[in-house]
Amino acid sequence: MIKKRLNIRMSGLGGQGAVTAAHVMAMAANRDGKFSISNPFFGAEKRMAPAESYCRIGIERIYDRGELVFPDVIEVFHPQVITMGKSYTMPFYSGVKEGGVVIINSAQPLLSEEDINRLKDLNVALFYIAGTELAIEVAGTELSTNMSMIGSVAGITKCVSMEALDGALQERFGKKFVASGGTASLDEAIKKKFAKKEMLLAKNLATVKRAYEIASEWADKNKVELRVGNPAVAA
Amino acid sequence: MAEIKSHIGTQNKKGQTYTDAWKMMHEAPRSPSFYTGSEVIKEALRRASCDVMIAYPITPQSEAAALIGELFAEGYIGDYFRGESEFAVMSQCAGAAFGGARVFTTTAGPGTMRAMENFPMWAGARLPIQMIVTCRGINSPLSIQPDTIEISYLLNTGMLVWHAETAQDFFDWILKGFMVSEEPEVHLPLALCCDGFFVTHTKDVVNLTPADMCLPPYDPYRSPVPCMDMECPPVRMMRDPFIMKSNYISYATHASWQQEIWAAVERSRKHTIKWINGLIDTENTDAEVVIVASGTAVSQGREAIRLLEDEGVRCGLVKVKSLRPWPGEEIREATKNAKHIFVPEFNVTGWLAKEIKATIPNSERVHAGPHVCGGMTMPPEIIASEIKTALGLRSESLAGRGS
């Protein structure tokens, strides 16, 4: 399916980098010459509390903003979003559009038979990736989980290029970045995990790449095609 | 007569060139940047030759306030300090402005409400302070999410009130706002509002003016009232102020001065029209259905119009940019063909719809809504659905979140 707009909802927990992931995705799409915006949604900031972010990517100027009620792609950054209901609504996939994709960071399947059937009825594809394990394996820290999630959505939808993601990561982490106190301290935490800034960038990019390959392979095998483009030209 | 020196063409201590504001905003080359609204506020301030910024943390303006602190550290702001509450911040802003400084601050939601006493005082004292209002919920139950209810409280303070749709509006209007506010015949504070998070925390493309150009400095001698003179109206408040008494002089002073404040708001009209290119923007207002909105509701309206177009429903748009001065004449003209006027709003009371109803003939044409509040998002699908329902068209049921 080729759509003029790809709406991505990232549901995670505070501290996991869902907000950063949406920002990086939007920055990359912008570098690729597409239109994009990203924005976060959260309550009082604290670790492990529900936090969401949204990234919209399209071929024409995007005005829509705020919470994404009708997403094409849903990324679940943490199993607790599902198992403990740490989502802004139940079920976590409410509003998902027909033909969409749900990407879940978990080494084990988490959905009930009922959930699986409801997603099937909507022709929504379901992809599990052990994103945290992958982050630990490749980058040496679970703090790079958001990189696995970026790679997953990019690998399945090809909505941003690896080259643009590389540039966006350098833009986000290569220079001094001032945001809220919470974000600043998280930035410091991730920097301490790596000996040098170049190492941080290289290891995170490697995590994105690995997840991109895994997700891309899965999409090819399962014939999941969800792309951003001009449907008129494609037809 | 003393020689009047122009700063245009000279450099400040950061090596920025003081540039004619009109040339800087309209003729200087622009470079696209992909920034959050908070970063855009910082970039505007970098170019604003701001003397004093006073900060206090409250979501969602805290990032912007912190970023301007960075600017101060870099040497772009004359002075920067923190108040001990929003009431204190706005009082300190008044002090700095009385002293002849170009003053900037940011606030949001409950902070705006806490500081409210100061706003009519700013207007009455004719202080051209610029205040960014990143709107959020104000009432209990608590919400830090966008809700525009606080704007309705600002409408009768005597401040100029503008409502930005995007970060681009924000960048341009911060700089242009100083130019309108500081006109001697205006000389009023400006509340430059946006919907918090939707603008402040959203990354979007914004075209910036060159960083080596800045606004000419504020000239306090263009003020229509004397600087820091506590004996002269409107601020003879110390030592037996005659306006504290109940007599005809007191009433006459108030009557004339309060009318003068609102006359100044009226006089700002021509400057506002010139600088922000009209009080409203319009698209396809020959259509039978027109959306009239301000802030993020305009953006959601634009998306709804696309959805309606796909289904063969033509819909016009009026973007209200300035709320004070109020574009009554412009809205009357833009809605004269409309049979149905929809006013989507991010607040529960529908203050914009009320203002419009009080402005146009046949106000039963106004459908006040849809409304969301407390930080809820307004999907374009909901606006389109409400319009279709009112037109008697079939609308599929929307099973989104919370349904």
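Helix H5 of chain A, covering residues 145-157, is a good place to start in this predicted model. With 13 residues, H5(A) reaches 19 Å from its first C-alpha to its last, which is close to the 18 Å expected at 1.5 Å a residue. This helix is mostly covered, and 13 of its 13 residues turn out to be buried. Right after H5(A) comes A:Lys158, and its phi is positive, near 55 degrees.

Over in chain B, helix H3 (residues 62-74) also has 13 residues, and its first and last C-alpha atoms are 19 Å apart, again close to the expected 18 Å. Which residues of H3(B) are buried? They are B:Ser62, B:Glu63, B:Ala64, B:Ala65, B:Leu67 and B:Ile68. As for their surroundings, the buried residues of H3(B) pack against one helix, H2 (37-46), and against strands S3 (52-55), S4 (79-82), S5 (103-107) and S6 (130-135), which belong to chain B as well. The residue that follows H3(B) is B:Gly75, with a positive phi near 100 degrees.

Further along chain B, there is an open sheet built from five strands, and the order across it reads S11-S13-S12-S15-S16, with mixed pairing. The edges are taken by S11 (280-283) and S16 (366-367) of chain B; each has a single partner strand, so one side of each is left without a neighbour in the sheet. In general, strands of a sheet pair through backbone hydrogen bonds, either parallel or antiparallel. For S15 (residues 340-342) and S16 of chain B, the sense is parallel, and the pairing runs over two bridges. One residue to look up here is B:Ile341, whose bridge partner in S16(B) is B:Val366.

Two helices lie across strands of this part of chain B. Helix H10 (residues 296-310) of chain B lies across S12 (289-293) and S13 (315-320), and it runs at about 170 degrees to S13(B). Helix H13 (residues 380-390) of chain B lies across S12, S13, S15 and S16, running at about 155 degrees to S15(B).

Finally, how do the two chains meet? On the chain A side, 23 residues are in contact with 26 residues of chain B. Helix H1 (18-31) and strand S3 (35-42) of chain A each supply at least two residues of the side that touches chain B. Sorted by type, the residues on that side of chain A come out as 10 nonpolar, 10 polar and three charged.

Technical notes: Residues are numbered from 1 along each chain as its sequence is written. Chains are lettered from A and ligands numbered from 1 in the order in which they are written. This is a predicted model: local features need pLDDT of at least 70, side-chain atom pairs count only at pLDDT 80 or more; totals for chains, interfaces and linings use all residues. Two strands pair if DSSP finds at least two bridges between them. Helices (H or I, at least four residues) and strands (E, at least two) are DSSP runs, numbered from the N terminus. Two residues are in contact if their C-beta atoms, placed from the backbone, lie within 7 Å. Axes are lines fitted to C-alpha atoms, for helices over the stretch in contact, and angles run from 0 to 180 degrees between N-to-C directions. Ala, Val, Leu, Ile, Met, Phe, Trp, Tyr, Cys and Pro count as nonpolar, Asp, Glu, Lys and Arg as charged, and the others, Gly among them, as polar. The expected span of a helix is 1.5 Å times one less than its number of residues. A residue is buried if 20 or more other C-beta atoms lie within 10 Å of its own, exposed if 12 or fewer, and partly exposed in between; C-beta atoms are placed from the backbone.
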